[in-house]
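I sat down with a new model today and kept a few short notes. Here is what I looked up, in the order I looked.

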Amino acid sequence: MAKMKQQMFLQFNEQEVELSTVEANVKKEWKDAGKKLTEIETLDIYVKPQEGKAYYVVNKEIEGKVDLF
């Protein structure tokens, strides 16, 4: 069986973002802060399109946010 390719998009107020891009942006911000991706044990991302932000919690204690659009 061929491997299925899947994409998930968030559409809000005529704007669109692929959810894997949101995750990539969170990880980029983490790396840009001088931290290693291997330090991430858990990653929770909360998408709030009405605010244009994605909020995240790394390892149940470190919080941050990135722009969605």
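**Entry 1: burial and surface.** I started with how much of the chain is covered, keeping in mind that this is a predicted model. Of its 69 residues, 22% count as buried. I then looked up the accessible surface, which comes to about 5,500 Å² for the chain. Carbon and sulfur atoms hold 48% of that area.

**Entry 2: overall layout.** Next I wanted the extent of the chain. Its C-alpha atoms fill a box of roughly 40 × 30 × 20 Å along the principal axes. I listed the secondary structure and found one helix and five strands. Going along the sequence, I wrote the pattern down as β-β-α-β-β-β. I also checked the contacts with a separation of 6 or more: 25% of them join residues 24 or more positions apart.

**Entry 3: charges.** I went through the charged side chains and noted 11 positive and 13 negative ones. The centres of the two sets lie 4 Å apart.

**Entry 4: the sheet.** In which order do the strands of the three-stranded open sheet run? I read the order as β3-β4-β5, with antiparallel pairing. The edges are taken by β3 (43–48) and β5 (62–67); each has a single partner strand, so one side of each is left without a neighbour in the sheet. I looked up the twist too: neighbouring strands here are turned by 20 degrees against each other on average, direction ignored.

Then I zoomed in on one pair. Strand β4 covers residues 53–58, and β3 pairs with β4 in the antiparallel sense over six bridges. For a handhold in the viewer, I picked Val 47, which stands opposite Ala 54 in β4.

**Entry 5: two asparagines in loops.** My last stop was the backbone angles. Where does Asn 13 sit? I found Asn 13 in the loop between β1 (9–12) and β2 (15–18). Its phi is positive, about 45 degrees, although Asn 13 is not a glycine. Is Asn 13 buried or exposed? With a relative accessible area of 62%, Asn 13 is exposed, since exposed means over 50%.

I made a matching note for Asn 59, which lies in the loop between β4 and β5. Asn 59 is not a glycine either, and its phi is positive at about 55 degrees.

**To revisit in the viewer.** I bookmarked the loop between β1 and β2 with Asn 13, the loop between β4 and β5 with Asn 59, and Val 47 opposite Ala 54.

How values were computed
Residues are numbered from 1 along each chain as its sequence is written. This is a predicted model: local features need pLDDT of at least 70, side-chain atom pairs count only at pLDDT 80 or more; totals for chains, interfaces and linings use all residues. Side-chain values use heavy atoms; hydrogens and water are left out. Helices (H or I, at least four residues) and strands (E, at least two) are DSSP runs, numbered from the N terminus. Buried means under 20% relative accessible area, exposed over 50%, partly exposed in between (1.4 Å probe, protein chains only). Contact means heavy atoms within 4.5 Å. Accessible areas come from the Shrake-Rupley method with a 1.4 Å probe; for residues, only the protein chains shown count as cover. Lys and Arg count as positive and Asp and Glu as negative; His and the chain ends are not counted. The place of a charge is taken as NZ of Lys, CZ of Arg, CG of Asp or CD of Glu. Two strands pair if DSSP finds at least two bridges between them. Axes are lines fitted to C-alpha atoms, for helices over the stretch in contact, and angles run from 0 to 180 degrees between N-to-C directions.
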